[in-house]
Amino acid sequence: MAKALNAGLRQCLADDPKTVIMGEDVGRLGGVFRITDGLQREFGADRVIDTPLAEASIIGAAVGLAMRGYRPICEIQFDGFVYPGFDQLVSQVAKMHNRTAGAVRLPITVRIPFGGGIGAVEHHSESPEAYFAHTAGLKVVACGNPSDAYWMIQQAVACDDPVIFLEPKRRYWAKAEIAAAPDPLHQARVVRPGRDATIVAYGPMVATALDAADAAETDARDLEVIDLRSISPLDTDTVVASARRTGRVVIAHEASVSFGVGAELAARVQQRAFYHLEAPILRVGAPDTPYPCSRLEEEWLPSVDRILDAVDRIMEF
């Protein structure tokens, strides 16, 4: 996935001379995860820009660049570092198009490595997607495999609206072939067809959901897995169609369960598929606590066993 993102960003820079990448250590170092490795050497320091450690300044500078016709790609080094730039994102980036009655667009892409599973220290394993999805004017997407990483980053940068682009950091080393063509940016995908129940996930949890579906085969259970891909806007149609087929739904994400993406999706599905559901929609996520120290994170993160436990519960109905 890391190489796919690198290739996608390289294509963005090659396609449009007004595209720039900016962030902490994205140039000479190539980023802490080496996602931008080699891009400054190829395109120059005026297009792949090492910034100070100041997220508010990174986002603020991107607003000015976008208003002057550029397409800035901002890298937030770790998910927990985005909060100093949060005011710029929700007060300026998200609102400028509406505030100017459509006269000004801000085609800004904000890349955020998110989620846990890498044994990191405090502030390096957050899941902030619900904050941004709640903010009108921002689009929020999460890639779950290398192919989507390659295509979705290009689609996000080409979008005239601001996009929060979430990258599951513990899947940076995942391997897969790149598809010949992309799916629409905001369309969910059925990655594993099934008939008994539906598991919905995004970002780092897609691989976990697929592992759970594989494990469920030992109990003769055929689970369908959906990769949401887009969090805002949500492709509710794909999930509702699956819910109507299987009659049972489990939604899994790394973020805490309360007030999360799963709650919004569950509400939408029950409104549109209520008479097809055979059991309550269950959510599997993290406890309502701050992210723990690295030695405890595997107990904190949703696992295959926790997803299968939820499946067992809905199959009892």
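**Strands, helices and a few odd spots in a predicted model**

In strand E6, valine 163 is the bridge partner of threonine 109. That pair belongs to a longer match-up in this predicted model: strand E4 (residues 109-114) and E6 run in the parallel sense and share 6 bridges. E6 also has strand E5 (residues 139-142) as a partner, again in the parallel sense, this time over 4 bridges. Here, alanine 142 of the chain sits opposite leucine 166 in E6. As for covering, E6 (residues 163-168) is mostly tucked away, with 6 of its 6 residues buried. Val163, Phe165 and Glu167 point one way from the strand, while Ile164, Leu166 and Pro168 point the other way, and all are buried.

Next come two helices. Two packed helices are described by the angle between their axes and the distance between the axes. For helix H3 (residues 55-67) and helix H4 (residues 86-93), the angle is about 25° and the axes are 8 Å apart. Angles under 35 degrees count as roughly parallel, so H3 is roughly parallel to H4. On the H3 side the contact is made by Ala56, Ile59, Gly60 and Val63, and on the H4 side by Gln88, Leu89 and Val93. Sorted by class, that contact of H3 with H4 has 5 nonpolar residues, 2 polar ones and no charged ones.

Leucine 89 deserves a second look. This residue is found in helix H4, and it is buried, with a relative accessible area of 0%. What does leucine 89 touch, not counting residues up to four places away in sequence? The list is Ile59, Val82, Ala94, Val110, Phe132, Leu138 and Ile164. The C-alpha atoms of leucine 89 and isoleucine 108 are separated by 10 Å, and these two residues are 19 residues apart along the chain.

Aspartate 79 lies in the loop between strand E3 (71-75) and H4. Is aspartate 79 buried or exposed? At 0% relative accessibility, aspartate 79 counts as buried. Setting aside residues up to four places away in sequence, aspartate 79 touches a string of others, including Ile112, Pro113, Phe114, His123, His124 and Lys169. With lysine 169 there is also a polar contact of 2.6 Å, side chain to side chain. Lysine 18 is another story: 61 residues separate lysine 18 and aspartate 79 along the chain, and their C-alpha atoms are 26 Å apart.

Further along the chain there is an open sheet of 5 strands, in the order E7-E9-E8-E11-E12, with mixed pairing. Its edge strands are E7 (189-192) and E12 (282-286), each of which pairs on one side only. From one strand to the next, the twist averages 25°. Helix H12 (residues 304-315) packs on this sheet and touches strand E8 (197-201), E9, strand E11 (249-256) and E12. The direction of H12 makes about 160° with that of E12. Within the sheet, E7 and strand E9 (residues 223-227) pair in the antiparallel sense over 3 bridges. Arginine 189 has aspartate 227, in E9, as its bridge partner.

Arginine 189 turns up again with aspartate 148, whose side chain makes a polar contact of 2.8 Å with the arginine 189 side chain. Aspartate 148 is found in helix H7 (residues 146-158). With 3% relative accessibility, aspartate 148 counts as buried. Leaving aside neighbours within four places in sequence, its contacts are Cys143, Ile153, Arg189, Asp227 and Arg229.

Finally, some backbone oddities. Most residues other than glycine have a negative phi, and most peptide bonds are trans. Arginine 34 has a positive phi, near 65°, and is placed in the loop between strand E1 (19-23) and helix H2 (39-43). Its relative accessible area is 42%, so arginine 34 is partly exposed. Phenylalanine 259 also has a positive phi, near 60°; its place is the loop between E11 and helix H10 (261-273). Phenylalanine 259 counts as exposed because its relative accessibility is 81%. Which kind of peptide bond runs from serine 232 to proline 233, cis or trans? That bond is cis, with omega near 5°. Proline 233 sits in the loop between strand E10 (230-232) and helix H9 (236-246).

Key
Residues are numbered from 1 along each chain as its sequence is written. This is a predicted model: local features need pLDDT of at least 70, side-chain atom pairs count only at pLDDT 80 or more; totals for chains, interfaces and linings use all residues. Side-chain values use heavy atoms; hydrogens and water are left out. Axes are lines fitted to C-alpha atoms, for helices over the stretch in contact, and angles run from 0 to 180 degrees between N-to-C directions. Helices (H or I, at least four residues) and strands (E, at least two) are DSSP runs, numbered from the N terminus. Angles under 35 degrees count as roughly parallel, over 145 as roughly antiparallel, 65 to 115 as roughly perpendicular and the rest as oblique. Contact means heavy atoms within 4.5 Å. Ala, Val, Leu, Ile, Met, Phe, Trp, Tyr, Cys and Pro count as nonpolar, Asp, Glu, Lys and Arg as charged, and the others, Gly among them, as polar. Two strands pair if DSSP finds at least two bridges between them. Buried means under 20% relative accessible area, exposed over 50%, partly exposed in between (1.4 Å probe, protein chains only). A polar contact is a pair of N or O atoms within 3.5 Å; within protein, one must be able to donate a hydrogen and the other to accept it, and residues adjacent in sequence count only if both atoms are side-chain atoms.
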